[in-house]
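Me: Please take a close look at one part of the model shown below. I should like to learn how this part is placed within the whole, with the reasoning set out step by step.

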Amino acid sequence: MENEHYKVRSFLQNIAACGAAKAIATLEPKSDQLTQRQAYAFLRKRDKEFGGQIEHGEAWLKRKVQDGSLKVRRKGTKANSPLIYSKAEILQALAVGKGA
């Protein structure tokens, strides 16, 4: 029974985080934008907060981009322009991954 409470609480926390991230992205779009390096740091920090073990890193991010769960875009038009990820989309991909 305790495990079910944890799952429900975790699910609700993930949904609340996604909703808050979407609201912030709508109100302040620049705060939702993460460079690739910032995205890795964000995932590392989030993994440490929620379990202590790093499960979502560079390979996870690339896999989510390849399967279409995350959209990445370049900040400029040049080939060496930084890749930009949405923090809200990353949180959604994390929430979906936990539910599966």
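Reply: A residue is called buried when its relative accessible area is under 20%, exposed when this value is over 50%, and partly exposed in between. R44, with a relative accessible area of 38%, is therefore partly exposed. Please keep in mind that this is a predicted model.

The part chosen here is helix α4, which covers residues 58–66. Some context is useful before the details. The protein chain has five helices and three strands, and their order along the sequence is α-α-β-α-α-β-β-α. Of its 100 residues, 29% count as buried. Its C-alpha atoms fill a box of roughly 55 × 30 × 25 Å along the principal axes.

Consider the two sides of the helix. The buried residues of α4 are W60, L61 and K64. They share one side of the helix, because the arc that they cover around the axis is only 100 degrees. The face turned away from this buried side carries A59 and Q66, which are exposed. After the helix comes G68, whose phi is positive, near 90 degrees.

The helix also holds a charged pair. E58 and K62 form a salt bridge, with their closest N and O atoms 3.2 Å apart. Both residues belong to α4 and are four residues apart, about one turn of the helix. Side chains of opposite charge can pair when their charged atoms come close. Neither partner is buried: K62 has a relative accessible area of 43% and is therefore partly exposed, and E58, at 42%, is likewise partly exposed. The salt-bridge count comes to one.

E58 also leads back to R44, with which this answer began. R44 is found in helix α3. Along the chain, R44 and E58 are 14 residues apart, and their C-alpha atoms are separated by 9.8 Å.

What lies on the buried side of α4? Two of its buried residues, W60 and L61, belong to the largest nonpolar core, which has 17 residues. W60 and L61 are among the members that touch the most other members, together with A39, L43, I90, L91 and L94. At least two residues of this core come from each of α1, α3 (36–49), α4 and α5 (87–99). Helix α5 supplies the largest share, six residues. In soluble globular proteins, nonpolar side chains tend to be buried together.

One core member, L94, shows how W60 is linked to its surroundings. Neighbours within four places in sequence aside, L94 is in contact with W60, and also with L43, R46 and H56. R46 takes the path further. This residue lies in helix α3, and its relative accessible area of 17% is under the limit of 20%, so R46 counts as buried. With near neighbours in sequence again left out (those within four places), R46 is in contact with N14, A17, L91 and L94. For the protein chain, 54% of the contacts with a separation of 6 or more join residues 24 or more positions apart.

Two further residues give a contrast in exposure. V96, in helix α5, has a relative accessible area of 59% and is therefore exposed. Its C-alpha atom is separated by 9.5 Å from that of S69, 27 residues apart along the chain. I84, in strand β3 (residues 83–86), is buried, because its relative accessibility is 4%. I84 and R73 are eleven residues apart in sequence, with 5.3 Å between their C-alpha atoms.

Not every nonpolar residue is hidden in this model. V8, F11, L12 and I15 make a nonpolar surface patch of about 390 Å². V8 is placed in helix α1 (residues 2–27), and its relative accessible area of 48% makes V8 partly exposed. The accessible surface of the protein chain comes to about 7,200 Å², and 54% of this belongs to carbon and sulfur atoms.

To return to the helix itself, α4 has W60, L61 and K64 as its buried residues, whereas exposed A59 and Q66 lie on the face turned away from them. The salt bridge of K62 and E58 is formed within this helix.

Note on methods. Residues numbered from 1 in each chain as written. Predicted model: local features only at pLDDT ≥ 70, side-chain atom pairs only at ≥ 80, totals over all residues. Heavy atoms only, no water. Patch = residues over 30% accessible without salt bridge, like charges linked within 9 Å, V, L, I, M, F, W, Y side chains within 5 Å. Areas by Shrake-Rupley, 256 points an atom, 1.4 Å probe, with all protein chains shown as cover. Salt bridge = Lys/Arg side-chain N within 4 Å of Asp/Glu carboxyl O. Buried < 20%, exposed > 50% of the residue type's maximum accessible area, 1.4 Å probe, protein only. Arc of directions from axis to C-beta. Core = buried A, V, L, I, M, F, W, Y, C linked by side-chain atoms within 4.5 Å. Contact = heavy atoms within 4.5 Å.
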